[in-house]
Amino acid sequence: MDNASHLSVIVDLSPTQWHLSSQSDNTHPLSLKDFLSQLLAFLNMHIASKHENTLAVFGAFPGKSVMLYSSTDPLQHNRTIDANSYPPFRVVDYSVMQHIMEEIDALGEPEDEVPCALVGAVTKALCYINRISHPSTSSNPADNPAVLPDPRMLILSVSPDLSTSYIPIMNSIFSAQKLKVTIDVCKIYGPDTVFLQQAAHLTGGSYIYLERRDALLQYLIMSHLPPPSIRNVLSVPTQDRIDFRAACFCHKDIIDIGFVCSVCLSIFCKPVPVCTTCRTKFPMKTLQRLNASRPPQTLTPVNGSTVANGSAIGTPRSAGTPMAASLR
Amino acid sequence: MPAKDIDFMDVDSDSDISLPAEETSRSKGKGKGKAVAKPKKTKGKGKANEQAYTWEASYTRSWDTVQEDAGGNLQGAVEDWMARDRRRRLLAPAGAIRRTIIRHLILLLDLSSSMMDRDMRPTRFDLTLQYAREFITEWFDQNPLGQIGVVGMRAGIGERIGEMSGNPQDILRAIADRHKLEPIGEPSLQNAIEMARSTMSHLPTHSSREILIIFGSLTTCDPGNIHDTLDDCVKNRIRISVVALAAEMKICRELCDKTGGQFGVAMNEGHFKDLMFELVPPPAQNTLSRTPGAGAVNPAADLMMMGFPTRLPDTSPPSLCVCHSELKSEGFLCPRCLAKVCDVPTDCDICGLMIVSSPHLARSYHHLFPVKPYEAVTALVDVSDSTSACHACARILPTTQSTSTAAEGISPFGRYRCPDCHNDFCTECDVFVHDVVHCCPGCGK
C-alpha cells in the first residue's frame with residue numbers, strides 16, 4: 001500500500017485572465033465558475049482517495065496570495081451539516097468558495113490590476129509543507145504527528161510569465177527540490193510559461209498544457225491525481241521541448257556560447273569591456289583572448305538551430321535589472 | 001549537528017575559533033536549519049565557559065542540564081534554545097557583499113594513523129568521511145558552478161583521491177570506499193599542499209582557489225621548508241582553511257592567517273561539523289582592496305566564456321558520451337565541439353569550454369540578493385490590529401509573551417516582521433525563508 005500524500009494546490013485567480021478565458025470566441029471557453037466546480041470535484045477526490053491524505057489550497061490574487069484551505073486548521077463555521085453531503089467535502093468546498101468570494105469582493109477597480117502574486121503563493125505553500133513535514137518542532141502538538149512522505153504541489157496557471165519574478169521563482173524551485181516536493185503544472189489558459197515548465201522539469205513533475213479546456217477534470221484526474229510513485233506505471237505526458245539555454249542581457253537573443261560576468265553572472269553575447277549590470281571593468285587581456293578564441297558562428301547570433309528548437313528563453317533580460325541597484 | 005555544540009559558538013574568550021568578521025554569522029544557519037531538537041546540553045550562554053574539550057570531559061549527565069518548565073515539559077527549553085540559535089544567524093551585515101561565485105576547492109584529508117583515535121566517535125576517520133560526504137552535498141547545493149577535488153595525506157606523501165570535478169556524484173564515489181582510504185603512517189602537509197597547489201595552478205583568476213585541510217595529527221613530516229610552500233600559496237592566492245582535530249599547531253595557524261583562511265580546532269563532533277560547514281557559503285571577495293589606487297580593473301572580475309548546451313531528450317537515438325563512454329539517449333551537446341556530455345555543469349572533455357545551463361546560474365543568484373532579515377517583534381502595540389497567524393504557514397502565533405528571558409534579536413512572541421511588506425512570520429518560517437527559499441512570501445522577492 002502506498003503512503004499518504006500531501007497536495008498543495010495553487011490556483012491562479014487573475015480576474016482579467018479568467019475573463020478572457022470565458023470569452024466565447026475561444027475554441028473551448030472555460031469560465032471561472034465551471035473551473036471552480038471541476039476543481040472542487042478534484043479536491044474532493046484527493047481527500048477521498050486515502051483517509052490520511054492532506055490538502056492545502058492557496059489562491060494567487062492580484063498582488064496578494066491567500067491560503068484558502070488547509071487540512072490542519074480548517075475554517076470554523078457553524079453551518080448545519082447537510083445530510084446529503086460528506087462532511088469533509090463540505091468543509092473543503094465551503095472554505096475554498098468562501099475565501100475566494102471574500103477576496104474577489106475585496107478587489108479594487110479592474111484598471112489598476114497588478115500581476116498575480118504567484119510567487120507568494122508558491123513560497124507560502126513551501127513554508128506550509130515545511131511546517132507539516134517537521135511536526136516535532138512545531139509549537140502546536142495537535143499537528144499531525146505522522147511525517148508525510150511525498151508532498152507535492154499543483155499549480156493551475158492562467159497568467160503569462162512575469163519576467164520580474166524569474167529569480168524568486170527559480171529560488172522557489174530550488175527549495176522545492178531540496179524539500180523533495182514535486183511540482184505539477186497545469187496550464188489552463190494563455191501561452192506556455194517557461195518558468196513553470198522549468199519548475200515541473202527540475203522537480204520531476206509533469207507540465208500539461210490544456211488543449212481542451214472543457215475536459216479539465218479529466219486531465220486533472222488522469223495526470224495530477226496519482227502520486228509520483230504511481231506515475232511510473234502510468235504514462236503521464238513528458239516534455240521534450242524545454243530549452244535551458246540562456247538569453248543574453250544585451251539583445252535578448254538566445255545564445256549557444258555566452259560571456260558571463262564573474263561578479264554578477266550577467267550574460268552577454270559578445271565580449272564587452274564593462275559589465276552593463278554591475279559596471280565591473282574587465283581586463284584588456286581577457287577581451288583580446290576571448291575575441292581571438294571566439295568561434296565564428298556566434299558572429300551571427302540567430303542561427304538555424306536556435307530558431308528550430310529555441311522555444312524557451314531561460315533567463316529573461318529583466319532578471320538583471322535589480323542587480324544594478326544592489327551591486328554597484 | 002544540533003544542540004550540543006551550540007554553546008561554544010558564542011564564546012570568543014576560551015575557544016580557538018578565529019573567524020573573519022563577515023563570515024561568522026551568516027554561515028551558521030545551513031547546518032542547523034532543520035535541527036532536530038536534542039535535549040542534550042541545552043543550557044544558556046553562561047554555562048559555556050565551563051565546557052571542556054571532548055578529551056577532557058569525564059562523564060556528562062546530559063539529562064541534568066536541561067531545565068524543565070512548570071509543567072515538567074522540555075519543549076519550552078528546547079524551543080527557546082532553537083529560537084536563539086536561529087536568530088543569531090540574522091545578525092549578519094545585510095549589505096551586498098561581492099562573493100566569489102566560481103569556486104575551486106581541494107579537500108585535504110588527513111589519512112595518517114592518528115586519525116584512528118577514538119576521541120571522536122566512532123573514530124576521527126569515520127566521522128571525517130561522514131562529514132565530508134555531507135559537506136560535499138551541501139557545498140554543491142550552494143555552489144553549483146564550483147568544483148571539488150580530494151587529496152589525502154598518507155604515509156608521508158600526498159595522494160590524489162578524487163580529481164577536480166563539478167559533479168558531486170564523482171567525488172562522493174571517490175571517498176565512498178573507506179577500505180581504500182585506510183589511515184596509515186605519518187602525514188605530510190607540504191607534500192599534500194604542493195599537490196593541491198599544482199592541481200589548481202592553471203585556474204583563472206576570477207575563480208577562488210581554496211584548500212580545506214582536515215588535520216588530525218600533531219606532526220608533519222615534510223621533505224623541505226614548508227614556509228616556502230606557504231609563500232607560494234600566498235603568491236597563487238590560495239586560501240587555506242584548517243580544521244584541526246587534535247590541537248592547534250603553529251604552522252596550521254600560520255597557513256590560515258597568511259592566506260586569509262579560517263582556522264579552528266574542533267572541540268567535539270558537533271563543533272567539527274560546524275567548522276566545516278562554515279566554509280560552505282561562498283566567501284566574500286577580499287581581493288578588492290589590493291588595488292586601492294587604480295580601482296579600475298578588479299583582478300577578481302573577469303569575463304568567462306560559457307557554453308549553453310542543447311539538451312537531448314530521452315527519445316533521441318542513443319549515442320556514446322565523451323565522459324563515461326556509455327551508450328545513452330539523454331545528454332547535453334557542447335555548443336562548440338558538439339561532444340555529448342552526461343551532466344552539466346562541467347568543463348567539456350574535448351574542447352574545455354565551461355558548459356552550464358541557465359538554472360545553474362540562477363541558483364547562485366540568491367547569494368547576490370539575500371532576503372532582508374526580519375525584525376523581531378518585541379511588543380504587540382495593538383493586539384487586535386496584528387494578524388493572528390503566520391503569514392507564510394498560517395500557524396497561529398501566540399499573543400502572550402513567552403516566559404523565557406528575552407535575548408537580543410529574539411521576539412518574545414515568536415513573531416518576526418518583514419521590513420518591506422510588514423507581514424508577521426513565525427520562527428520556523430523566518431529560518432526557512434532565509435535559509436532555504438531566499439524569497440519573502442509577503443513581498444515575493
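# Strands, hairpins and salt bridges in a predicted model

Biologist: Which residues make the nonpolar surface patch of about 260 Å²?

Modeller: This is a predicted model, and the patch is a nice place to start. One of its members, A:Leu234, sits in the loop between α8 (228-231) and β7 (257-261) of chain A. A:Leu234 has 38% relative accessibility, so it counts as partly exposed. The patch of about 260 Å² is made by A:Ile230, A:Val233 and A:Leu234.

Biologist: Let's move to chain A's strands. How many residues of strand β2 (residues 54-61) of chain A are buried?

Modeller: Look at the two sides of β2(A) in turn. A:Thr54, A:Ala56, A:Phe58 and A:Ala60 point one way and are buried. A:Leu55, A:Val57, A:Gly59 and A:Phe61 point the other way, and they are buried too. The strand is mostly covered, and the number of buried residues is eight of eight.

Biologist: Which residue of β2(A) stands opposite A:His6?

Modeller: Start with the pairing of the strands. Strand β1 (residues 5-12) of chain A runs parallel to β2(A), and seven bridges join the two. Opposite A:His6 in β2(A) you will find A:Thr54.

Biologist: Which residue takes a positive phi in the hairpin of β2(A) and β3(A)?

Modeller: β2(A) pairs with strand β3 (residues 64-70) of chain A in the antiparallel sense, over six bridges. Within this pairing, A:Ala56 stands opposite A:Ser70. The hairpin has two residues between its strands, and the one with a positive phi near 70° is A:Gly63.

Biologist: How far apart in sequence are the parts tied together by A:Lys64 and A:Glu103?

Modeller: The side chains of A:Lys64 and A:Glu103 meet in a salt bridge, at 3.1 Å from N to O. A:Lys64 lies in strand β3 of chain A and A:Glu103 in helix α3 (residues 87-106) of chain A, so the pair links parts that are 39 residues apart in sequence.

Biologist: Is A:Glu103 buried or exposed?

Modeller: Compare the two partners with the cut-off: buried means under 20% relative accessible area. A:Lys64 has 41%, so it is partly exposed. A:Glu103 has a relative accessible area of 12%, so it is buried.

Biologist: Is A:Lys50 buried or exposed?

Modeller: A:Lys50 and A:Glu52 meet through their side chains in a salt bridge of 3.8 Å, N to O. A:Glu52 is at 42% relative accessibility and therefore counts as partly exposed. A:Lys50 is at 19%, so it counts as buried.

Biologist: Now for chain B. Why is strand β2 (residues 147-154) of chain B largely enclosed by the rest of the structure?

Modeller: Both faces of β2(B) are covered. On one side B:Gln147, B:Gly149, B:Val151 and B:Met153 are buried, and on the other B:Ile148, B:Val150, B:Gly152 and B:Arg154 are buried. The strand is largely enclosed because its buried residues number eight of eight.

Biologist: Which helix does the chain pass through on its way from β1(B) to β2(B)?

Modeller: Strand β1 (residues 103-110) of chain B and β2(B) run parallel, joined by seven bridges. B:Leu108 stands opposite B:Val151 in β2(B). The β-α-β crossover from β1(B) to β2(B) is right-handed, and the helix it passes through is α4 (residues 124-142) of chain B.

Biologist: Which residue in the turn between β2(B) and β3(B) has a positive phi?

Modeller: Strand β3 (residues 157-165) of chain B pairs with β2(B) in the antiparallel sense over six bridges. In β3(B), B:Glu159 is the bridge partner of B:Gly152. The two strands form a hairpin with two residues between them, and the turn residue with a positive phi of about 50° is B:Ala155.

Biologist: Which residue forms a salt bridge with B:Arg178?

Modeller: B:Arg178, at 26% relative accessibility, counts as partly exposed. Its partner is at 21% relative accessibility and also counts as partly exposed. The closest N and O atoms of the pair are 2.8 Å apart, and the partner is B:Asp126.

Biologist: How far apart are the end C-alpha atoms of residues 334-351 of chain B?

Modeller: UniProt, in an unreviewed entry, lists this stretch as "zinc finger region: C4-type". Over these residues the chain is 0% helix and 22% strand. The end C-alpha atoms are apart by 9 Å.

Definitions and conventions
Residues numbered from 1 in each chain as written. Chains lettered and ligands numbered in written order. Predicted model: local features only at pLDDT ≥ 70, side-chain atom pairs only at ≥ 80, totals over all residues. Heavy atoms only, no water. Buried < 20%, exposed > 50% of the residue type's maximum accessible area, 1.4 Å probe, protein only. Helix = DSSP H or I, 4+ residues; strand = E, 2+ residues; numbered from the N terminus. Pairing = 2+ DSSP bridges. Right-handed = clockwise from strand over helix to strand, strands pointing away. Patch = residues over 30% accessible without salt bridge, like charges linked within 9 Å, V, L, I, M, F, W, Y side chains within 5 Å. Areas by Shrake-Rupley, 256 points an atom, 1.4 Å probe, with all protein chains shown as cover. Salt bridge = Lys/Arg side-chain N within 4 Å of Asp/Glu carboxyl O. UniProt positions renumbered as here; feature names shortened; annotations may be inferred.
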